[in-house]
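User: I am new to reading protein models and would like a close look at one part of this one. Could you walk me through how two of its helices meet, and what surrounds that place?

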Amino acid sequence: MSDIVADLLRFSEDPKADPRTRRRQTMERLVQTLLAMADAEMGSEDPQHRHSIIHLTTIIREMTGSIADADDATFSAIVREAAMLIRSLQRRQADAARFTVH
């Protein structure tokens, strides 16, 4: 999970960026990651799963400002939970790929 957290927390190249801007960028990377995972679910046997990922992505996108303004502990908890979710989705996709006939 630490690799996902590291990817999400990789801040901008601009050392002058304020913490709120870096947090917004982190949330934007999270949204991009989830959208890529939803795209990977195209043609899946379970369209509800893809819909759930997109719904979650929409919620995060709409709350990006609030998340960026959260205190450090809350922001860290959100990022940890997001990382666990992404890891779970990656495992699910890997498991499904094993049973996919090409």
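Analyst: Let's start with the whole protein and then move in on the pair of helices.

This is a predicted model, so local features need pLDDT of at least 70 and side-chain atom pairs count only at pLDDT 80 or more, while totals for chains, interfaces and linings use all residues. Residues are numbered from 1 along each chain as its sequence is written, and side-chain values use heavy atoms, with hydrogens and water left out.

The protein has 4 helices and 0 strands; helices (H or I, at least four residues) and strands (E, at least two) are DSSP runs, numbered from the N terminus. Buried residues, meaning those under 20% relative accessible area with a 1.4 Å probe and protein chains only, make up 26% of the 102 residues.

Now to the pair itself. Helix α2 covers residues 19-40 and helix α3 covers residues 47-68. Their axes come within 9 Å and cross at roughly 175 degrees; axes are lines fitted to C-alpha atoms, for helices over the stretch in contact, and angles run from 0 to 180 degrees between N-to-C directions. That crossing makes α2 roughly antiparallel to α3, a term for angles over 145 degrees.

Which residues make the contact (heavy atoms within 4.5 Å)? From α2 they include M27, V31, L34 and L35, and from α3 they include I53, T57 and I60. The residues of this contact divide into 13 nonpolar, 3 polar and 6 charged. Here Ala, Val, Leu, Ile, Met, Phe, Trp, Tyr, Cys and Pro count as nonpolar, Asp, Glu, Lys and Arg as charged, and the others, Gly among them, as polar.

Let's zoom in on T57, which sits in helix α3. T57 is buried, with a relative accessible area of 2%. Leaving aside neighbours within four places in sequence, T57 is in contact with V31, L34 and L35.

Next, follow L34. Not counting residues up to four places away in sequence, L34 touches I53, L56, T57, I60, L85, I86 and L89.

L34 also leads us to the largest nonpolar core, where M27, L30, L34 and I60 touch the most other members among its 14 residues. Such a core is a set of buried Ala, Val, Leu, Ile, Met, Phe, Trp, Tyr and Cys residues joined through side-chain atoms within 4.5 Å. The elements giving two or more residues to this core are α2, α3 and α4 (72-98), and α2 gives the most, with 6 residues.

Conventions
Parallel < 35°, antiparallel > 145°, perpendicular 65-115°, else oblique. Contact = heavy atoms within 4.5 Å. Buried < 20%, exposed > 50% of the residue type's maximum accessible area, 1.4 Å probe, protein only.
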